[in-house]
Amino acid sequence: MKFYIRTYGCQMNERDSEAAASALIASGHEMVHDEKMADILLFNTCSVREHAERKALGKVGILIKLKKKKPDIIIGVLGCMAQRLKEKIIEDIPHVDFVAGTDQFHRLPEIVASIILKRKHVVAVDADSEIIENLSGHIHSDNQISAFVSVMRGCNRFCSYCIVPYVRGREKSRGRKEIIEEAKKLVGSGIREILLLGQNIAAYGLEGRGQATEESPFAELLEELCRIDGLLRIRFASPHPQYFNEKLIDAVATLPKICKNVHLPLQSGSDRILKLMNRHYTAEKYLSIVNDLRSKVPEITFSTDIIIGFPTETEEDFNASRTLMKAADFDNAYIFKYSTRSGTKAAEMKDDVPQPVKDERNQILLADLAEMTERHNKAIVGSTLEVLVEGVSKRNSERWCGRSDSNSVVVFDPVPGIKIGDLVKLKITRATTMTLFGE
Ligand code: SAH
Ligand code: SF4
Ligand code: F3S
């Protein structure tokens, strides 16, 4: 049958969708990119903020019309929201045929087969550790050069605002051998850049051991991946600052294939709020990681996640985030307005920062960020960047594009002989807020 899958949420969800699609294809189904063509509609959902859930529930809810017209169509809700709301999804939206949680992706072909046969609702939300090695299937086109590889699942951190540990379960790391094999296979099929994924990726291989350990199995994994011939670049997301120890700092600083662009979630610049968030570091500690890496690799860039309007956040706390953002001199930041997630520790506190104040603080940080980005982009003009060639530019088919080490899009006129997947040096001649132009 023809299936369509829509993904909400983070890159880990995108990776799960890809692996799920690959399993469905292996069992004889065909993937389509137009939902109107599909017999099976799948929604891989996110629970991280209320807005993310509302979007998916709204979309699935309106499918009632389609279900009336085409009663045989199969509708499945997968992923984090499925794990959180379980059978409640089917109780509220009875035209949903099945719900499959975060550890049930490997069972999709079987679940779909049972629905075709029996036409009975299925709720599959058990935690199942088997999944960890069962989902290594990839789907990529011939000119794709970048791929996701999941190295661990789950999270043990329990940051007080966050639903992820409740919907993704405890940390489980994949075997190093399996990860290396998967990476080698990808490189063999033309992939040049790998983005390693895990909710608490820097804790890879520690399995919840010690919070401030000196070991870094993740740094060792990076080292081993760097030895794969033909693999040109490695990125990773997201490390928790507490595990960004000396070993990992050294690995990032010294291994040439590791992109000199680190996504290091800050969440808040106020020590009082960081403590309430259960983040286990201070603003000073955070900055020391940034400064240490900068002193070793002057051209390194940083991006981050920040939450504004966490319960009890005062003007002073907010200003501490603002100050830290400037001190870290981020290249990019994802700014989120706090959203209460029931069941988390922070949900016991009153969501007391009024919406207009959250909106205002959001605007202030976005303006600060725009200023930083503009300054960085201007400073790049005239310099030479190494760019991994991705192919024809989406906006202008006569031009080509690629990405710099810091993940900025660079547009350029192709020269004869240039190929997708080449690493080229480009002189940056012009910059807008979103794009760099090079020759
Ligand atoms: N594991 C990753 C983050 C996963 S969630 C990490 O620790 O870095 C992605 C981002 O969503 C978080 O970094 C945080 O900034 C934001 N977020 C998580 N829960 C939130 C909530 N309840 N309200 C607002 N933003 C939230
Ligand atoms: Fe959520 Fe914290 Fe785990 Fe990230 S580290 S997924 S923010 S609990
Ligand atoms: Fe959302 Fe689940 Fe990712 S809650 S952010 S899709 S881990």
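In this predicted model, a polar side-chain atom of Asp305 lies 2.6 Å from an oxygen atom of ligand 1. That contact is a handy place to start, and the surroundings of ligand 1 can be built up from there. Asp305 is one of the 15 residues around this ligand, and it belongs to the group that comes nearest, together with Gln199, Pro265, Gln267 and Ser339. Gln199 contributes through its backbone: one of its polar backbone atoms is 2.7 Å from a nitrogen atom of ligand 1. A further polar contact involves Arg49, where an N or O atom of the side chain is found 3.1 Å from an oxygen atom of the ligand.

Asp305 also leads into the strand arrangement. Strand E13 covers residues 301-308 and pairs with E14 in the parallel sense, over six bridges. Within this pairing, Asp305 stands opposite Tyr334 of E14. The two strands are part of an open sheet of three, ordered E12-E13-E14, with parallel pairing. Strands E12 (261-263) and E14 (332-337) each have a single partner and stand at the edges, so one side of each is left without a neighbour in the sheet. On average, neighbouring strands here are turned by 15 degrees against each other, direction ignored.

The two other ligands have their own shells. Around ligand 2 are Cys155, Arg157, Phe158, Cys159, Tyr161, Cys162, Val164, Pro165, Gln199 and Arg279. By residue class, this shell divides into seven nonpolar, one polar and two charged. Ligand 3 is surrounded by Cys10, Asn13, Cys46, Ser47, Val48, Cys80, Arg168 and Gln199. Its shell consists of four nonpolar residues, three polar ones and one charged. A reader following Gln199 through the model will meet this residue around ligand 1, around ligand 2 and again around ligand 3.

Asn13, listed around ligand 3, is also among the buried residues of helix H1. This helix comprises 16 residues, 11-26, and reaches 23 Å from its first C-alpha to its last, close to the 22 Å expected at 1.5 Å a residue. Many positions along H1 are buried, including Met12, Arg15, Asp16, Glu18 and Leu24. Charged side chains are thus worth a look here alongside the buried alanines Ala19, Ala20 and Ala21. Just after the helix, Gly28 takes a positive phi of about 100 degrees.

Strand E3, residues 40-45, offers another well-covered element: six of its six residues are buried. The cover extends to both faces, with Ile40, Leu42 and Asn44 on one side and Leu41, Phe43 and Thr45 on the other. E3 has parallel partners in strand E1 (residues 2-7), over five bridges, and in strand E4 (residues 74-79), over six bridges. On the E1 side, Phe3 has Ile40 as its bridge partner in E3. On the E4 side, Thr45 is matched with Gly79.

Thr45 itself rewards a closer view. This residue lies in E3 and has a relative accessible area of 0%, so it counts as buried, the cut-off being under 20%. Its side chain reaches the backbone nitrogen of Met81 at 3.1 Å. Thr45 therefore combines full burial, at 0% relative accessible area, with a polar contact from its side chain to the backbone of Met81.

Note on methods
Residues are numbered from 1 along each chain as its sequence is written. Chains are lettered from A and ligands numbered from 1 in the order in which they are written. This is a predicted model: local features need pLDDT of at least 70, side-chain atom pairs count only at pLDDT 80 or more; totals for chains, interfaces and linings use all residues. Side-chain values use heavy atoms; hydrogens and water are left out. Two strands pair if DSSP finds at least two bridges between them. Helices (H or I, at least four residues) and strands (E, at least two) are DSSP runs, numbered from the N terminus. Axes are lines fitted to C-alpha atoms, for helices over the stretch in contact, and angles run from 0 to 180 degrees between N-to-C directions. The expected span of a helix is 1.5 Å times one less than its number of residues. Buried means under 20% relative accessible area, exposed over 50%, partly exposed in between (1.4 Å probe, protein chains only). A residue is near a molecule or strand if one of its heavy atoms lies within 4 Å of it. Ala, Val, Leu, Ile, Met, Phe, Trp, Tyr, Cys and Pro count as nonpolar, Asp, Glu, Lys and Arg as charged, and the others, Gly among them, as polar. A polar contact is a pair of N or O atoms within 3.5 Å; within protein, one must be able to donate a hydrogen and the other to accept it, and residues adjacent in sequence count only if both atoms are side-chain atoms.
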